[in-house]
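User: I would like a close look at one chain of this complex and how it meets its partners. Please start from a single loop residue and work outwards.
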Amino acid sequence: MLFNFANVLLFLVVGCLFVTLNLVVSRLLQTRLFTDEKYMPYECGEDPIGDTRIKFNARFYVIALIFLIFDVEIVFLFPWGVVFREIGVLAFVEMLIFIFMLLVGLAYIWVKGDLQWIRSIQSVREEVEQ
Amino acid sequence: MELNPQQLVFYLFALLTIGSAVVVVTIRNIVYAAFSLMVTLFSIAGLYVFLQADFLAATQVIVYVGGILVLILFGVMMTSGSLDLKLKLERGQLFWGGVVSLTIFGLLLSVITNTPQWENVDIGASQEPTTRKIGEMIMKEEYLLPFEIASILLLVALIGAALISRKEVRDE
Amino acid sequence: MDLPLNVLIISSLIKIVVVVHILLIGVMGMILAERKVSGWIQDRHGPNRVGPWGILQPIADGIKFLLKEDLVPDHVDKPVYLLAPAIILVPALVTCGVVPFGSSITVSGYEIPLQIADINIGVLYILAITSLGVYGVVLGAWASNNKYSLLGGLRSSAQMISYELTLGLSLIGVLILSSSLSLREIAIQQGSYPWTWNFLIHFPAFLAFTTAAFAETNRLPFDLAEAEQELVGGYHTEYSSMKFAMYFMAEYMHMIVGSAVAVTLFFGGWQFFGLETVGGPFWSGLISVGIFFVKTAFFLFVFIWVRWTLPRFRYDQLMNLGWKFLLPITLASIVVTATVWAFTQSKVLVGILNVVVACIVVAIVSTTLVMTREPEPVEDRGILSFTKESSS
């Protein structure tokens, strides 16, 4: 088993070498001409406006949080899937409960609007009124 | 000391783990810290492979590198200002951090020394795949209840996380 | 392991070098194929100037990438800016380490499996390496220090993690029937007849997997990260020359590897009936590789076909598809597969019920979405001013 992982490691090393080689070769072959404008942030040719560090919609963070929890649950499903054929009904019932929990979680975030990306102004108003 | 290739790779991974962990705590730039945390977590997965824990190694990468660290990076990117924050260590943090990490280190040490025959692990020996074993242990009586409780815990975590973050979304 | 160690080491080195080259040639072929097929679909010629029928176009492109000025703008974070393209390209390359691209080949008495590493957690390995792809996007976007990059990177990473769930869940149904995480084992178990392959047994899961693979490559219709009209180039706006080429190569490699994995898991890998016994122990191995390539090429054609047929999704549509359709469909598919297998153990029934239940899920979800659709805003200005007042 370790030998197979050693192959993966070898592949990883070869991959890294390949990337480095690419960069080095292109660095050696190219010419460089310094122009001020080239080194500015690209904003369609205009002078950049304001700061780059803009604030993002926190909804992205919510998605990442929910993803993480589902990810852990999926990892639990893998060993179950592998032994399912041998264990049969007990594993079946057990995983039914587990998947039910997943579904409850999904239903909860769905109903509460965490998966809703576009919201009409009226619903925002209703929420603010509450 | 003679080193066979296996040991060489093992020490390489160990060095990578410790080195990048040191970088995580000392570096000032928060994104660099997150990046070297990725290296740490990844090389820990490499160490798991040496322990014949193949399932754990994959899980480590999927959950920690692919999940938790992405969450941390997102958190950093969401919080305006934190990207250019220079992290600094204060004296009080150094003290309490030291206390906590020494306690954890002591705990780990006691676990290691209390494990029978911990020094006689043959890293080259091939064993049966662990995924099947883990599956059997979860499904049979031994760990059945903890497993189901874990699912409830995850559900609670999901609802809690959604609840807290929803409040933040609304505040904006 | 029956082979002597030196044969093992030499054979795996050769395999790695060959696979890297095949991937690179595949990328070049795909660049040409994409432009030719798009020309064909849009009723125009496509590249036809460089070499006969334009077949030297990818080489010209490659030389151009090499010779272009590698611009590192002043405002970027140099170390991360440099590392990000590598972080996206290396995982794309390494994923195919576990894909079996043929049965085995016998050279001077040694039987060498045509796979770089047959690790027994192959499926999990693929998921793990795929999850690293997010970093190239997020770090590249952050290091570029450009608004377009940041917005594109954020969109893309949220999209990638959302579809990773579907990717993981769609494979569990396959695992239930195969009882193994090794890709070689899963491929062998499917047999050589098309009607015993997994895509018929797990049809909804197969569709979900393919869709998720599309989303992971950030191509149309999922290319919101680089929607030209809104975000210029998305997360690689500030990249030029070889570093841009690496992002570009990574996209094509993701496609090739995604197709190869789909072939292995759902289309019986290198097997096709009637062709196992053709030729001797040497030629049958090569024929199996050929079959694998043909199947992969079909998937790659589908990738191109879809790209030039479907328009881009809106971001909320994209998230809806991932979270509200594919996720429930894959969950339902797991439950159906497990239920049927626990009680009847009939693969035919699994296949039929999977499709039926998936249709029911889609019907329920779309009805719910239509029923709960929010009313259109009536008076824009008035309401906007209202929300502003009350939130301040």
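How many C-beta neighbours does Asp43(C) have inside 10 Å, and for what reason is it counted as buried or exposed?

Analyst: A caution comes before the answer: this is a predicted model.

Asp43(C) has 6 C-beta neighbours inside 10 Å, so it counts as exposed. The cut-off for exposed is 12 or fewer. Asp43(C) sits in the loop between H1 and H2 of chain C. Its backbone also stands out. Its phi is positive, about 60°, although the residue is not a glycine. Most residues other than glycine have a negative phi.

Asn218(C) makes a useful companion. It too is a non-glycine residue, with a positive phi of about 60°. Asn218(C) lies in the loop between H8 and helix H9 (228-231) of chain C. Its surroundings are another matter. Asn218(C) is buried, because 24 other C-beta atoms lie within 10 Å. Buried requires 20 or more.

Ser108(C) belongs in this group as well. It takes a positive phi near 40° in the hairpin of S1(C) and S2(C), where two residues lie between the strands. The strands of that hairpin are S1 (residues 104-107) and S2 (residues 110-113) of chain C. They run antiparallel, joined by four bridges. Ile105(C) has Ile112(C) in S2(C) as its bridge partner.

Past the hairpin comes Ile116(C), in the loop between S2 and H4 of chain C. It has 24 C-beta neighbours inside 10 Å and therefore counts as buried. What surrounds it? Beyond its neighbours within four places in sequence, Ile116(C) is in contact with Ser12(C), Lys15(C), Ile16(C), Val19(C) and Gly97(C) in its own chain. It also contacts Asn7(A) and Phe11(A). The C-alpha atoms of Ile116(C) and Val99(C) are 7.6 Å apart, with the two residues 17 places apart along the chain.

Now back to H8(C), which precedes the loop of Asn218(C). Two packed helices are described by the angle between their axes and the distance between the axes. The axes of H8(C), residues 203-217, and H12(C) come within 9 Å. They cross at roughly 145°. The crossing is left-handed. H8(C) brings Pro204(C), Ala205(C), Ala208(C), Thr211(C) and Ala212(C) to the contact. H12(C) answers with Leu326(C), Ile329(C), Thr330(C) and Ser333(C). By class, the contact has six nonpolar residues, three polar and no charged.

Next, the partners. Chain C puts 70 residues in contact with 66 residues of chain A. Seven helices of chain C each supply at least two residues to that side: H1 (5-41), H2 (57-67), H3 (78-94), H5 (147-178), H10 (241-266), H12 (315-343) and H14 (380-391). H5(C) gives the largest share, twelve residues. The side of chain C facing chain A holds 44 nonpolar, 15 polar and eleven charged residues. H1 and H2, the helices that flank the loop of Asp43(C), are both among these suppliers.

With chain B, 19 residues of chain C are in contact with 15 residues of chain B. H4 (122-144) and H5 of chain C each supply at least two residues here. H4(C) gives the largest share, eleven residues. This side of chain C has 16 nonpolar residues, three polar and no charged. H5(C) supplies residues to the side that touches chain A and to the side that touches chain B.

Last, the partner chains themselves. Chain A has four helices and zero strands. Of its 130 residues, 34% count as buried. Helix H3(A), residues 89-111, can be checked for length. Its 23 residues at 1.5 Å each should span 33 Å, and its end C-alpha atoms are 32 Å apart, so the two agree. Its buried residues are Ala91(A), Met95(A), Phe98(A), Ile99(A), Met101(A), Leu102(A), Gly105(A) and Ile109(A). Residues three or four places apart in an α-helix point the same way, because there are 3.6 residues a turn. Just after H3(A), Gly113(A) takes a positive phi of about 85°.

Chain B has six helices and zero strands. Buried residues make up 26% of its 172 residues. Among its contacts with a separation of 6 or more, 56% join residues 24 or more positions apart.

Technical notes: Residues are numbered from 1 along each chain as its sequence is written. Chains are lettered from A and ligands numbered from 1 in the order in which they are written. This is a predicted model: local features need pLDDT of at least 70, side-chain atom pairs count only at pLDDT 80 or more; totals for chains, interfaces and linings use all residues. Two residues are in contact if their C-beta atoms, placed from the backbone, lie within 7 Å. Ala, Val, Leu, Ile, Met, Phe, Trp, Tyr, Cys and Pro count as nonpolar, Asp, Glu, Lys and Arg as charged, and the others, Gly among them, as polar. The expected span of a helix is 1.5 Å times one less than its number of residues. Axes are lines fitted to C-alpha atoms, for helices over the stretch in contact, and angles run from 0 to 180 degrees between N-to-C directions. A crossing is left-handed if the near helix is turned anticlockwise from the far one by less than a right angle, and right-handed if clockwise. Two strands pair if DSSP finds at least two bridges between them.
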